[in-house]
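Please take me round this structure in the viewer. I would like to know what to select at each stop and what is found there.

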Amino acid sequence: DRRSIKRRFEADQVFLEEKNVWSLLVAGNSSEIPPNASDLANIYRLIVERRPRIVLEFGVGYSSLVICAALRENLAEENVHGHLYVVDSEKQWLENTRKKFESDLLEFVSFQYSSISVKVIDNTLCHTYDSLPDVCPNFIYVDGPSGHSGEEEISGEINGLTFTGGRPVVGADVLLYESSAPLDLFILVDGRWETCRFLGTHLRGKYRHRKFVARKFETFQYIGMPMAW
């Protein structure tokens with residue numbers, strides 16, 4: 001109910017304040033949508049729990065700061081060296097987020113700009129970033145692109161079909177990383193049901209899939225390859 005959601009949000013904000021990251025989130029461009037403390041606290045806890053060495057994020061934003069703060073804790077508490085590679089198609093928001101980073105957090109992140117193009121995979125209209133970080137991630141967070149018109153517009157068309165008219169985005173980038181990913185691969189997708197459905201039918205490995213409808217995210221945890229491969 002609303003009261004329990006409010007209590008959880010307030011508790012999660014306190015949690016992020018204690019981790020010295022909340023003040024960074026609320027700085028920056030005044031036109032930003034306010035941060036969701038519960039979503040961000042969930043990401044922080046997952047990074048601390050899983051202790052990934054390579055994190056790949058599609059879509060820059062508040063989560064970039066939170067991920068790096070969690071990687072900082074992993075280094076301080078567990079001596080686990082982790083690094084975030086974030087790719088985004090909007091230079092404005094890449095720079096906006098970069099400015100929020102304190103100097104001690106910058107060592108944990110690499111920013112990359114890339115355009116996005118329409119693709120077809122198994123007769124499915126989807127899209128991929130044109131330039132990706134050359135890494136093997138343990139943890140992938142899918143939170144971009146938004147699909148809105150503007151600088152991050154997904155370019156190209158297939159038989160006249162585009163992603164510029166409000167069609168839900170369907171990201172296929174994760175497929176390019178799966179074959180060379182570590183055995184502890186974990187995928188978190190934020191509120192992109194069409195992308196999740198696509199991944200569920202096109203990922204080649206076996207995954208423990210969980211869907212959190214109320215909180216609008218899904219996870220895929222790699223558990224092995226099918227026997228017939």
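The tour below goes from strands to rings, then to charged side chains, and ends at one tyrosine.

**Before starting**

This is a predicted model, in which local features need pLDDT of at least 70 and side-chain atom pairs count only at pLDDT 80 or more, while totals for chains, interfaces and linings use all residues. Residues are numbered from 1 along each chain as its sequence is written, and side-chain values use heavy atoms, with hydrogens and water left out.

Helices (H or I, at least four residues) and strands (E, at least two) are DSSP runs, numbered from the N terminus. Buried means under 20% relative accessible area, exposed means over 50%, and partly exposed is in between (1.4 Å probe, protein chains only).

**Stop 1: strand β7 and its partners**

Select residues 186-190, which make up β7. Of its 5 residues, 4 are buried, so β7 is largely enclosed by the rest of the structure.

Now add β6, residues 139-142, which runs parallel to β7 and is joined to it by 4 bridges. Two strands count as paired if DSSP finds at least two bridges between them. Across this pairing, Phe186 in β7 has Phe139 opposite.

Then add β9, residues 217-224. Here β7 and β9 run antiparallel, with 5 bridges between them. Ile187 has Phe220 of β9 opposite.

**Stop 2: aromatic rings**

Rings of Phe, Tyr and Trp (its six-membered ring) pair if their centres lie within 6.5 Å; planes under 30 degrees apart count as stacked, over 60 as edge-to-face and the rest as tilted. This rule gives 7 aromatic pairs. Select Tyr207 and Phe220: their ring centres are 6.5 Å apart and their planes stand at 85°, so this pair is edge-to-face. Tyr207 belongs to strand β8 (residues 206-212) and Phe220 to β9, and the pair links distant parts of the chain, 13 residues apart. Tyr207 and Phe220 are both buried.

Phe212 and Phe217 make a stacked pair, with 4.5 Å from centre to centre and 20° between the planes. Phe212 is partly exposed at 26% relative accessibility, whereas Phe217 is buried at 7%. To finish with the rings, show Tyr222 beside Tyr207 and Phe220; these form one aromatic cluster.

**Stop 3: charges over rings**

A charge sits over a ring if NZ of Lys or CZ of Arg is within 6 Å of the ring centre and within 35 degrees of the ring normal. Select Phe15 and Arg45: Arg45 lies over the face of the ring, 4.2 Å from its centre. At Trp193, Lys211 takes up such a place, 4.9 Å from the ring centre.

**Stop 4: salt bridges**

How many salt bridges does the structure hold? There are 5, a salt bridge being a side-chain nitrogen of Lys or Arg within 4 Å of a carboxyl oxygen of Asp or Glu.

Select Lys100 and Glu32, whose closest N and O atoms are 2.9 Å apart in a salt bridge. This pair links distant parts of the chain, 68 residues apart: Lys100 is in helix α5 (residues 91-100), and Glu32 is in the loop between α2 (22-25) and α3 (37-50). Both Lys100 and Glu32 are buried.

Move to Asp104 and Arg72, which form a salt bridge at 2.7 Å, N to O. Asp104 lies in helix α6 (residues 103-106) and Arg72 in helix α4 (residues 62-78), so the pair ties together parts 32 residues apart in sequence. Asp104 is partly exposed, at 31% relative accessibility.

Back in α5, Arg98 and Glu95 form a salt bridge at 3.3 Å, N to O. They are 3 residues apart in this helix, or about one helical turn. Arg98 is partly exposed at 37%, and Glu95 is partly exposed at 33%.

**Stop 5: Arg192**

Select Arg192, in the loop between β7 and α8 (193-202). Arg192 is buried yet has no salt bridge; Asp143, the nearest side chain of opposite charge, is 4.1 Å away. For charges, Lys and Arg count as positive and Asp and Glu as negative; His and the chain ends are not counted.

Leaving aside residues up to four places away in sequence, Arg192 touches Val142, Asp143, Gly144, Pro145, Ser146 and Val169. Contact means heavy atoms within 4.5 Å.

**Stop 6: Tyr85**

Finally, select Tyr85 in strand β2 (residues 83-88). Tyr85 is partly exposed, at 23% relative accessibility. Residues up to four places away in sequence aside, its contacts include Ile54, Ser110 and Pro133.
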